Amino acid sequence: MSTTGTIPADAFSIKSPYGRRAIGLSIAAAVGGFLFGFDSSVINGAVDAIEGNFELDKVLTGFVVAVALLGCAVGAIIAGNLSDRWGRLKTMMLGAVMFLVSSIGSGLTFSVPDLIVWRVIGGIGIGIASVVAPAYIAEIAPRQIRGSLASLQQLAITLGIFAALLSDAVLANSAGGAAEQLWLGLEAWRWMFLVGVIPAAVYGILAFTMPESPRFLLAKGRNDEAREVFSRLVPQADLDKSVNEIRSAIEQDRKSKSASLRGPVLGLQGIVWVGIILSTFQQFVGINVIFYYSTTLWKAVGFDESNSLTISVITSITNVVVTLIAIWLVDRVGRKPILLTGSVLMTLSLATMALAFAFAVTVDGEVSLPGAWGPIALVAANLFVVGFGASWGPLVWVLLGEIFPSRIRGKALGVAAAAQWIANFLITVSFPAMSGWSLPLTYGMYALFAALSFVYVAWRVPETKGMELEQTETLFVRKQKEKSSR
């Protein structure tokens, strides 16, 4: 076995005990990302049945779908304080319990107001998981493989989307339709929510079996416990260095508590606005319309409910595959070229969808696309998913982790994440009403935002591939100084 110093060169490979333990814990924590993806898309197969069951108008339908995102924003805001006070694992358990309760409540809902309450509760649980899971992975991962393990969160989200859409399709097809009765006198759409009990229970059980984050243990003065956890994750020769790095980071965070995001650009530092704008563009291209409403969209293209759900599953598989490609390319090709290419592909595909729906006709109150426009819209929508999943989906999170100075990183990430949830909510809640008004203009608006995202990246985002975090910070600070000196 070759070595680097006194640390085996293959100490963190999948064959080594250290690598296997770190990967195992990261996968367990990433189940939080799976819940995130599952909750985001499980509503997809149930939308039309809920709308018919409760006789909702388009605006209220959009609000029922999107309201969970407001809960997500609340959960993300409180997760940091809770995890610092209670520990990462107890906070994970709280998120799992809230999602489990939400799944049961949504499945057994008897009115729109209580469905909204259950969706908000689930959203809070997901918001908690979306913050705590990547934080835990970053804190237990050896620095040599931290980047690879951190990418498991995004992969878990895409797998959660796939699992939700697959279960929706299986349940609806088994019942003969989402609104039809399946088991125990309950309609299939109710079982779509109830299935969420399974991943929520798995996440909660895993949290019982995982060790606490060594960073949390060190912050609480439980040094021996922290060293014991890290001794199973890194070789003895690297143990002191790993522990000291965390101690330094904790001390830096304590010094940074008074650091402010305030600045001269509309009350915030310019770099914070970069994060907000990247997050907003990620959502304003309309990606979640595909994952929340795609079953409805494919019906408009001309498919029945069964085939529409199947196509949604295929789309989610595409999303998983292209996310893997993005993870493989990001440190080889770089951030900026991938983002620019994604913006171009999204602009063209969304513009094509806008054009296709300009030829739509309404038959018996249902929108449909005649002739070749149906297949064209289908191909364009899937190309859009490819363009987003291979670029803006995972890479925005990569950039948000790189661009902020360490003194404000935690606070700035929180603001950027909140901007993302709010933008997601606005797009999701507005789509039913906007699509009822004009689908060509709706998709045209998303295409415009995709084109603007290209302009913004070309103008404001430098390449950060292969740089230390301290170097990436100076790139953005330098740009702001040059701008202010003109």
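# Exercises on helix packing and cores

Of the 486 residues of the protein chain, 55% count as buried. The model is a predicted one. The secondary structure of the chain comprises 21 helices and seven strands. Among contacts in the chain with a separation of 6 or more, 77% join residues 24 or more positions apart.

## Exercise 1. The helix pair H4 and H9

Task: find how the axes of H4 and H9 are oriented to each other, and state the classes of the residues in their contact.

Solution.

Step 1. Take the geometry. Helix H4 covers residues 88-107 and helix H9 residues 197-209; their axes come within 8 Å and cross at roughly 160 degrees.

Step 2. Apply the cut-off. Angles over 145 degrees count as roughly antiparallel, and H4 and H9 are therefore roughly antiparallel to each other. The crossing of these two helices is left-handed.

Step 3. List the residues. H4 contributes Leu89, Met92, Met93, Ala96, Phe99, Leu100, Ser103 and Ile104. H9 contributes Val197, Ala200, Ala201, Tyr203, Gly204, Ala207 and Phe208.

Step 4. Sort by class. The contact of H4 with H9 has 13 nonpolar residues, two polar ones and no charged ones.

## Exercise 2. The helix pair H13 and H20

Task: determine the orientation of H13 relative to H20, then describe their contact.

Solution.

Step 1. Helix H13 (residues 270-284) packs against helix H20 (residues 439-460) at an angle of about 150 degrees, and the axes are 9 Å apart.

Step 2. That angle makes H13 roughly antiparallel to H20. H13 passes H20 in a left-handed crossing.

Step 3. On the H13 side the contact holds Trp273, Val274, Ile277, Leu278, Phe281 and Phe284. On the H20 side are Tyr446, Phe449, Leu452, Ser453, Tyr456 and Arg460.

Step 4. By class, the residues of the contact of H13 with H20 are 10 nonpolar, one polar and one charged.

## Exercise 3. The helix pair H3 and H5

Task: classify the orientation of H3 to H5 and give the handedness of their crossing.

Solution.

Step 1. The axes of helix H3 (residues 58-86) and H5 come within 5 Å, crossing at roughly 40 degrees.

Step 2. That makes H3 oblique to H5, because angles under 35 degrees would be needed for roughly parallel.

Step 3. H3 and H5 cross with right-handed geometry. Their contact has 20 nonpolar, five polar and one charged residues.

## Exercise 4. The nonpolar cores

Task: identify the residues that touch the most other members of the largest nonpolar core, and the helix that supplies the largest share of this core.

Solution.

Step 1. The largest nonpolar core has 69 residues; Ile50, Met92, Tyr136, Trp189, Met192, Tyr203 and Met210 touch the most other members.

Step 2. Helix H5 (residues 112-140) supplies the largest share of this core, 12 residues.

Step 3. Apart from this core lies another, of 53 residues, including Ile271, Phe284, Leu350 and Ala447.

Step 4. Look at one member of the largest core. Leaving aside neighbours within four places in sequence, Tyr136 is in contact with Leu25, Ala29, Arg88, Leu89, Met92, Met210, Pro211, Glu212 and Ser213.

## Exercise 5. Single residues

Task: decide whether Asp114, Ala178, Leu218 and Phe404 are buried or exposed, and place each in the secondary structure.

Solution. The cut-off for buried is under 20% relative accessible area.

Step 1. Asp114 is in helix H5. Its relative accessibility is 12%, so Asp114 counts as buried. Beyond its neighbours within four places in sequence, Asp114 is in contact with Gly105 and Thr109.

Step 2. Ala178 lies in the loop between helix H7 (152-175) and strand E3 (181-183). At 1% relative accessibility, Ala178 is buried. The C-alpha atoms of Ala178 and Ala49 are 6.0 Å apart, with their positions 129 residues apart along the chain.

Step 3. Leu218 belongs to helix H10 (residues 214-219). Its relative accessibility of 9% makes Leu218 buried. Not counting residues up to four places away in sequence, Leu218 touches Asn223, Ala226, Val243, Ile246, Arg247 and Ile250. For Leu218 and Val243, the C-alpha separation is 8.5 Å.

Step 4. Phe404 is in the loop between helix H18 (392-402) and helix H19 (409-437). At 0% relative accessibility, Phe404 counts as buried. The C-alpha atoms of Phe404 and Val272, 132 residues apart along the chain, are separated by 7.5 Å.

Technical notes:
Residues numbered from 1 in each chain as written. Predicted model: local features only at pLDDT ≥ 70, side-chain atom pairs only at ≥ 80, totals over all residues. Heavy atoms only, no water. Core = buried A, V, L, I, M, F, W, Y, C linked by side-chain atoms within 4.5 Å. Buried < 20%, exposed > 50% of the residue type's maximum accessible area, 1.4 Å probe, protein only. Helix = DSSP H or I, 4+ residues; strand = E, 2+ residues; numbered from the N terminus. Contact = heavy atoms within 4.5 Å. Axes fitted to C-alpha atoms, helices over the stretch in contact; angles between N-to-C directions. Parallel < 35°, antiparallel > 145°, perpendicular 65-115°, else oblique. Left-handed = near helix turned anticlockwise from the far one by under 90°. Nonpolar A, V, L, I, M, F, W, Y, C, P; charged D, E, K, R; others polar.
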